[in-house]
Amino acid sequence: MAKNLVIVESPAKAKTIEKILGKDFSVQSSFGHIRDLAKGNDAIEINNNFNPKYIVSEKKKEVVSKLKKAVKTTDQVWLATDEDREGEAISWHLCEVLGLNVEDTKRIVFHEITRPAIEKAVKNPRIVDMNLVSAQQARRVLDRLVGFELSPILWRKVSNTNSLSAGRVQSVAVRIIVEREEEIKQFVVKPYFKVSAIFEVKSKSGKIVEMKADSPKKFNDEAGAVAFLESCKSAVYTIENLETKPAKRKPAPPFTTSTLQQDASRKLGFSVSRTMSVAQKLYEAGKITYMRTDSVNLSQVAIDNAALAILGKFGTEYVEKRQYKTKKKDAQEAHEAIRPSYFDQETVTELGRDEQRLYELIWKRAIASQMSDAQLERTTATINISTNNEKLVAKGEVLKFDGFLKVYQVSTDEDDESENSKILPPLSIGQQLDFLNMTAIERFNRPPARYTEASLVKKMEELGIGRPSTYAPTIATIQKRTYVVKESREGIDRFYKVHTLDKANALETKTEKEITGAEKNKLFPTDMGILVTKFLIKHFGDILNYDFTAQIESDFDEIASGKVQWFEMLNEFYHPFHQKVKDTLETADRVTGSRDLGIDPKTGKKIIARLGKYGPMIQLGGENPDDENDKPKFAKIPAGKTLSTVTLEDALTMLKLPRILGENSDGKVIKANAGRFGPYVQLEKTFASIPKDAEFDLYSVTLEQAIELIKEKQEKDAKKIIKVFMEDESISIQNGRWGPYIKAGKKNVKLPAELKTEFKGNEDGLIQKCRTITFEQVKEMIKNAPAKKSRSKTKAKK
């Protein structure tokens, strides 16, 4: 065995580091955390300074066993887990489990996996920082306490199932999205008119070009806009003033975790979790610095290397060394921003396409941060109108020196409606302009934008909620819990007026159509998300308070710096919180989100929208459970509608389902209905989806069209069936996405492993073999199939 054992979290990282350190070092991986809090309520001894009980999970026992053997046969152990608090905690857990002395076991940290960084770290080891460990432990324990105490309340007061959960950060993230949806719902759209004119002017080359000028005045009513156009009839337009000013644009600082997630979303279309997964691979391959950071700081070595790369590629006039300071008071300036490990490497063709695209984005942003400002010249022309006292303004911009713009363009979530980027033709004061036309176009003010994953990260960072390591898992969790969905939704048609004054002084009015409200990959709260959020705000407003959540993060920072004992911070928080939990369990009313929609005109029974066991639904009748004649009828809420927006008309339409379309040639009934996965037609046990691009929908599909859909589905299903056992027709062998399998009633059973191994790479041979399997053999296969692992959740004790 090697004299030195280095332990890291991931195999990929281990492989890269082992190449650097050489034969005297063996690098092994812990595969992430090797132990965690025990399951259940007994994991934390509240009356013993919140002492946590940790256990090594079954799947990590083999890893621990290998590491223990390696520790016994080595002279020196080096802990090289990530440099953040979670990485520090992993190092401490390794000491505890492997029997290492935390006081003298060598701990090394580095911001990048390069030879200079690793060799420097080995020369400057330290020991595990217990303050950082305590901060991470406080976060883990606090989040467990909040989750385990709040979630059972939701099970009892909101849902009959234990599928709901609450969390200190996740619930606040959902609140941000819910409140934005409320803002949008309350927003009143108001029209206004924007006036602009087109003039014909000679360019530098003598060619006639069009120049646009806008009225700085916004007209809030149509009559005022039309009156302005009327007043411009027969007007003479002259340049009254020209103002030219130099301007410059500065480059953005290199990426932090938050800004990388935002820019990768805008420019590459990556989700937050995809960005972090790809960045992790780049880091472990030694291509970039550590990707979980809130610092924009660059080391002097990095700045010098960037300057050399810029000098060689673009020239001395493009070099401007810069050191950025993080505005966040709690940012860890000892860390670096995300940057390439080697500035002379513009791309990484040896890795995957995702890795290449993200790396190039990181390289461009980092290299641009050390480049010169872009130099601009901005011109504003003020145009006089002879027939009234109003003015028109034309703006233009000329790029004199591109500077950092040569490699990187900063983008934002908001569309830039500025037209400064156009170039104005040569103009002079007193110059008379040739008028072409003037338009007054009806525009509408816009509600606040729904959040994307990237803009939610930005908002969380602004509010101080979470830290670089928590953004991605938080956003993944709220979607997994279906409190929030990421969707693209179609817009609706909207009509607007356009008034045009032409060169002949004729005023024309026409109505145009546009699509409004279309959304792409935006975050929408579900009915359950809205209901849970309102319940938690009502009963645990302090937990969901933005300032409180940010203060908790600051408390963790205080623990990390050694100013506060972690259990003292927990003690101050927990006892008032626990009392509120008890009070809420005893006194809070159960909520269903029930909303009266009206009365069914046919039956006279009440129709309500409410949250059921499997989500939002419509209910007709059922007010008197003891009345056999008042059995409730249920229907789904239509797609795109919520408990708060569904109408009586929507409900009456959905309650007509299922539609009986008629009978097929065998006299069997065919129905159309809406299900969990969309609209479908049904013949007995055959369900055929109505395609999204079909010329008909759930309410217009005919019997003939339904028969055709069912026929296509049956033909498709027939190709899947390899064999049906006549002794019991509920048992069959079918061909699925992953190959042949046994279907026994509602249960799917894998074929024996040895059978798959025998026919590996020969699917046709396996299918032929399946056709020879007897009924006795298939029963034995079902009997011997391994039981599926239970996903049952540990319920909190009352």
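**A tour of the cavity and the sheet**

Start by selecting Gln170, Ser171, Val174, Tyr483, Gly529, Val532, Thr533, Leu536 and Leu544, the residues that line the largest cavity. Keep in mind that the model is predicted. The volume enclosed there is about 50 Å³, and the count of cavities of 30 Å³ or more comes to 1.

Next, colour the helices around this space. Two elements, α6 (170-186) and α14 (527-539), each give two or more residues to the lining of the largest cavity. The largest share, 4 residues, comes from α14. What is the split of the lining into nonpolar, polar and charged residues? There are 5 nonpolar residues, 4 polar and no charged.

Now move to the sheet. Select strands β2, β1, β7 and β8, which in that order form an open sheet of 4 strands with parallel pairing. Why is one side of β2 (25-29) and of β8 (106-107) left without a neighbour in the sheet? Both strands stand at the edges and each has a single partner strand, so no neighbour is there on the other side.

Zoom in on β1 (residues 4-8) and β7 (residues 76-79), which run parallel and are joined by 4 bridges. Within this pair, select Asn4 and find Gln76 of β7 opposite.

Finally, show the helices that pack on the sheet. Helix α1 (residues 11-21) touches β1 and β2, and its direction makes about 175° with that of β2. Helix α2 (residues 61-72) also packs on the sheet, where its contacts are β1, β2 and β7. The direction of α2 makes about 165° with that of β2.

Technical notes:
Residues numbered from 1 in each chain as written. Predicted model: local features only at pLDDT ≥ 70, side-chain atom pairs only at ≥ 80, totals over all residues. Heavy atoms only, no water. Pairing = 2+ DSSP bridges. Contact = heavy atoms within 4.5 Å. Axes fitted to C-alpha atoms, helices over the stretch in contact; angles between N-to-C directions. 1 Å grid on protein atoms, 1.4 Å probe; cavity = no way out; pocket = protein on both sides within 12 Å on 5 of 7 lines; lining within 4 Å. Points joined across faces, edges and corners; volume = space filled by probe spheres on them. Nonpolar A, V, L, I, M, F, W, Y, C, P; charged D, E, K, R; others polar.
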